[in-house]
Amino acid sequence: MSYQALYRRFRPDNFEEVKGQDHIVTTLKNQIRAGHVGHAYLFCGTRGTGKTTVAKIFARAVNCETPGENGPCGKCGMCQAIAAGNSMNVVEMDAASNNKVDDIRQVIEEVQYSPAQGRYKVYIIDEVHMLTTSAFNALLKTLEEPPSYLIFILATTEVHKIPMTILSRCQRYDFKRISVETIAGRLRELLDQEGIPAEDRALTYIAKLADGALRDGLSLLEQCISFYFGEELTYEKVLKVLGTVDNEVYASFTGALAAGNVAEMMQIIDRIISAGKDLGRFCDELIWYMRNLMIVKSTEHPEEIIDMSQENLDTLNGTAKELELEMIFRYIRILSEVENQMKYSDQKRVLFEVALIRLSQPEMERDYESIVNRIHNIEEKLKNGFAAAPTQRKLEQPSDNAVEEVLQEKIVESAVPGEVKSLAGNWHQVLNQLDPVSKNMLNHVTLTVDEAGALVIAFSEDTAYAYFSGEGDHKEKLCHVAEELIGKRINIEFRLVADQREYDALPELRGLFADSDIEIESMD
């Protein structure tokens, strides 16, 4: 017999072998036991979580001659015929390649005939979200009033693409991501059956990389044991095969990032690339490392959330002490942006190195996290005995608020165009020409500026933000009044800042550019 991949060879044959989806398995077993089998099911969830596997087990169980506590017996004629793919009672269809209306019409014609053997005719349609609108419409009538012997099981990874008319006629089951412990335990069971020794640490690491998908975990495991055929699978061997990096490297990299040591970061990147590691995976795992730092900074018992050894957790705690929480937010944001860019670029290294420059030089950006990062750098220089850069404002003791105010003024004064300054300085004239409701909505906002120099009206309340960003013409009226005031077009953006701390830290233009020399006559 030809070789079969691990995920195919060890695919569950009954409900008991399904891992991590107890809430779904229990419900389906109870329905079979009580004879309350539905006519349409929707299985949705991320890849590799068992949607198709559970669908096949359920299809065998409803047709099994002697079903047991865990579903199909696997011994009767119907179970063996369905398992071998010789039964007409169970039909699998891939909607990715059979998504046209004619394909569904053929299904509708076939379901008119009752099964020659067994009780139910089961259609498993995988990737059902790929069906065209016409195909969904053709399926709708049969799905609404099916024959008593017919069961549809629709599986999808993108449930938001399913029409509501289809969703309302199905029993929906959401397959959860499988936990690291469950995946690692399953990998251990399979290796014990195969007689292959492996370290628990290695299996746990593979389970983490699987990201909740047991099938992905089996594929990664197979890749590792194939490379080290006949040898014990260790943690170090897994790192070499999968092209991943140890936590010590991420700790060193983050330390260099916090210190602004660009040269050291570039050297680490060079060593990683020279060792054949994938830069995209390094970026992804670095984001995850930053996430762990965020957990350490924001929770009292991070060991309950972060799955790692105490030794690595102690190292993580030491690294977290060097960073502010806002700095970690900024790192995650920039790294996430560059990770998406790297997926579609042939110059991954250049993009990543540019991102490192941005990370180490927060003065290149003007958002709240960057300001906190700059304050942190100034404080570190003061601690190390470096003199702060001279400013026109004399500060006897450079407190956090004073430093932040100086930074905000310098950033805003150098970045704001003249027309935005004039408009901010005469904001009361704009309000006087608006209707009472609009004026009231704009009474409690912050006027600031974005990186492109556009005027940003920042809201802290959902109601006021929705009033101007919704379907009405309130934004157009405001823009018209502003243009009449300054005599030229101006780009106005609306932004909802739900975080009060971030909202309070926004530079307020009206305080910097009050008493502008533009005055207009009342139009009342």
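**Figure 1. Pairing of Cys44 with strand 4 in the predicted model.** In this predicted model, Cys44 of strand 1 stands opposite Thr156 in strand 4. The two strands run parallel and are joined by 5 bridges. Strand 1 is also joined to strand 5 by 5 bridges, again in a parallel arrangement, and in that pairing the bridge partner of Gly45 is Phe175.

**Figure 2. The two covered faces of strand 1.** Because 6 of the 6 residues of strand 1 are buried, this strand is largely enclosed by the rest of the structure. On one side lie Ala40, Leu42 and Cys44, on the other Tyr41, Phe43 and Gly45, and the residues of both sets are all buried. This division can be read against a general pattern: in a regular strand the side chains alternate between the two faces of the sheet.

**Figure 3. The open sheet of 5 strands and the helix packed on it.** The strands of this open sheet follow the order 2-3-4-1-5, and their pairing is parallel. Strand 2, residues 90-94, and strand 5, residues 171-175, are the edge strands, each of them pairing on one side only. On average, and with direction ignored, neighbouring strands of the sheet are turned by 15° against each other. Helix 3, which spans residues 51-63, packs on the sheet and touches strand 1, strand 2, strand 3, strand 4 and strand 5, while its direction makes about 175° with that of strand 3.

**Figure 4. The pairing of strand 3 with strand 4.** Strand 3, made up of residues 121-126, and strand 4, made up of residues 150-156, run parallel and are joined by 5 bridges. Within this pairing, Ile125 stands opposite Leu154 of strand 4.

**Figure 5. Helix 9 and its packing partners.** The buried residues of helix 9 are Ala202, Leu203, Tyr205, Ile206, Ala207 and Ala210, and the elements against which the buried residues of this helix pack are helix 8, helix 10, helix 11 and helix 14. Where helix 9 (residues 200-210) packs with helix 11 (residues 235-242), the angle is about 35° and the axes are 8 Å apart, and helix 9 passes helix 11 in a right-handed crossing. The residues that meet here are Arg201, Ala202, Tyr205, Ile206 and Leu209 from helix 9, and Tyr235, Glu236, Val238, Leu239 and Leu242 from helix 11. Just after helix 9, Asp211 takes a positive phi of about 55°.

**Figure 6. The largest nonpolar core.** This core holds 37 residues, of which Phe253, Phe282, Leu286, Met290, Leu293, Leu335 and Phe352 touch the most other members. Two or more residues each are given to the core by helix 12 (247-258), helix 13 (262-274), helix 14 (279-298), helix 15 (310-320), helix 16 (325-342) and helix 17 (348-360). The largest share comes from helix 14, which supplies 10 residues. When its neighbours within four places in sequence are left aside, Leu293 is in contact with Thr254, Leu316, Thr319, Ala320, Leu323 and Ile328. As a general background to such a view, nonpolar side chains tend to be buried together in soluble globular proteins.

**Figure 7. The surroundings of Ala256.** Ala256 lies in helix 12 and has a relative accessibility of 3%, so this residue counts as buried under the cut-off of 20%. Apart from neighbours within four places in sequence, Ala256 is in contact with Asn261, Glu264 and Met265. Ala256 and Ser360 are separated by 104 residues in sequence, yet their C-alpha atoms are 9.0 Å apart in space.

**Figure 8. Two cysteines, Cys224 and Cys479, and the protein around them.** Cys224 is buried, with a relative accessible area of 0%, and Cys479, at a relative accessible area of 15%, is buried as well. A search of the whole structure for disulfides finds 0. For orientation, the protein has 524 residues, of which 46% count as buried, and its secondary structure comes to 26 helices and 8 strands. Among the contacts between residues at least 6 apart in sequence, 72% join residues at least 24 apart.

Key. Residues numbered from 1 in each chain as written. Predicted model: local features only at pLDDT ≥ 70, side-chain atom pairs only at ≥ 80, totals over all residues. Heavy atoms only, no water. Core = buried A, V, L, I, M, F, W, Y, C linked by side-chain atoms within 4.5 Å. Buried < 20%, exposed > 50% of the residue type's maximum accessible area, 1.4 Å probe, protein only. Helix = DSSP H or I, 4+ residues; strand = E, 2+ residues; numbered from the N terminus. Contact = heavy atoms within 4.5 Å. Disulfide = S-S within 2.5 Å. Pairing = 2+ DSSP bridges. Axes fitted to C-alpha atoms, helices over the stretch in contact; angles between N-to-C directions. Left-handed = near helix turned anticlockwise from the far one by under 90°.
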